[in-house]
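User: I would like to go through some local features of a protein chain. Please keep the reasoning short and end each answer on what I asked for.

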Amino acid sequence: MSTKRVGVLMGGLSAEREVSLRTGAGVAEALEERGHEVVRIAFGPETRGVDQLVREAQIDVAFLALHGRGGEDGCIQGLLELLGVPYTGSSVLASALAMDKLKSKELFRLHNVPTAPYYVATKESLGDLAEVHGSFGFPVIVKPRGEGSSVGVSRADDLVALEASIRGALAHDDLVLIERFVRGMEVHVGVLDGRSIGAIEVVPKSGVYDYASKYTPGATDYICPPRLGSTRARGVMNLAERAARSLGCTGACRVDLLVTEGENEYVLEVNTLPGMTKTSLLPKIAASAGIDYGALCEAILNGANLHSHILRGAAAKPTPSAATSKPEASAKPKAEKLRLVKSAKKTANG
């Protein structure tokens, strides 16, 4: 196994900064245990610019442990493309599309990926909300267009609650998604390099998997694998793969779905930088498939890449270890990732 000088980017400027710091700490420790030289690059409102910190760190590759705006939405990915530093996760475009709940929905529909009915509300919609909402019905789920980790998400059961929910979501974004509430099992699928590795059932005690349900101890039960028959489980995981492909996602991602008793499935969203604390959903899914936390971090790191193919002059070439490796050097990590995925699918299928 070749080792690299890895910069673990964490913290950031979003509402999910604290979660990101926990993700980054876990990843950094795991990579150090596997022999990598790790530089912890924690940036935020009080630090120097992330571009300066990355240049000074002189890293071979960036492991993105960021969440939310500025981390998942293509911004940091674009910076790393310009700096010539390979990074984990999806490209600039795929990251931006997955973070934008409206564009994700549009692409899901274009690619025949089922998703719950929805409409879009703005501040102006509040002037005549009854007419805007029309016969859409209740209950509904209200979401800011571009936040992650269920920030600003709430459920509304009538017009009064809907107006309050929209006002709350508008504090995070200028555009709000109103989505029909679908009663069903919430299932999250882990996808690594385009292949599903397993799934987990999420049971929030409040009935809505919002920010509090995610990060309050004991607020949510997790069942892995989900309580689904083997045929249904395979269908759900295949749908997750299709959803990730529809947005062009690469590396590790998590696809969130609703599975109804009426044999229907609906994709909620694709998370291109899922939480990676040792108790986060993706590591739980991987563990149930026989992939331990360190191996998962290594597999994600091995997928680091540059996507934009920007031509660079001699003065701006990537560092030698970031350049294209020889076939014999890259074959082993790829073979190892394929082995992990195949093992995971075999475990998930019983």
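User: Where is H309 in the chain?

Analyst: This is a predicted model, in which local features need pLDDT of at least 70, side-chain atom pairs count only at pLDDT 80 or more, and totals for chains, interfaces and linings use all residues. Residues are numbered from 1 along each chain as its sequence is written, and side-chain values use heavy atoms, with hydrogens and water left out. Helices (H or I, at least four residues) and strands (E, at least two) are DSSP runs, numbered from the N terminus. H309 sits in the loop between helix 11 (293-302) and helix 12 (327-348).

User: Is H309 buried or exposed, and what is its relative accessible area?

Analyst: Buried means under 20% relative accessible area, exposed over 50%, and partly exposed in between (1.4 Å probe, protein chains only). H309 is not a glycine, yet its phi is positive, at about 55 degrees. By the cut-offs H309 is exposed, with a relative accessible area of 69%.

User: Which residue in the hairpin of strand 8 and strand 9 takes a positive phi?

Analyst: The hairpin has two residues between the strands. The residue in question is not a glycine, although its phi is about 50 degrees. Its relative accessible area is 33%, so it counts as partly exposed. The residue is D193.

User: How many residues of strand 8 are buried?

Analyst: Strand 8 covers residues 185-192. On one side M185, V187, V189 and V191 are buried, and on the other E186, H188, G190 and L192 are buried too. The number of buried residues in strand 8 is eight of eight.

User: How many bridges join strand 8 to strand 11?

Analyst: Two strands pair if DSSP finds at least two bridges between them. Strand 8 and strand 11 (residues 252-259) pair in the antiparallel sense. One of the bridges has M185 with V259 as its partner. The number of bridges is eight.

User: Which residue of strand 9 stands opposite V189?

Analyst: Strand 9 (residues 195-204) runs antiparallel to strand 8, and seven bridges join the two. V189 belongs to a side of strand 8 that is buried. Opposite V189 in strand 9 stands A199.

User: Which residue is joined to P139 by a cis peptide bond?

Analyst: P139 is found in the loop between helix 6 (129-133) and strand 5 (140-144). The bond has omega near 0 degrees. The residue before P139 in this cis bond is F138.

User: What is omega for the peptide bond that joins C224 and P225?

Analyst: P225 lies in the loop between strand 10 (220-223) and helix 9 (230-247). The bond from C224 is cis, and its omega is about 0 degrees.
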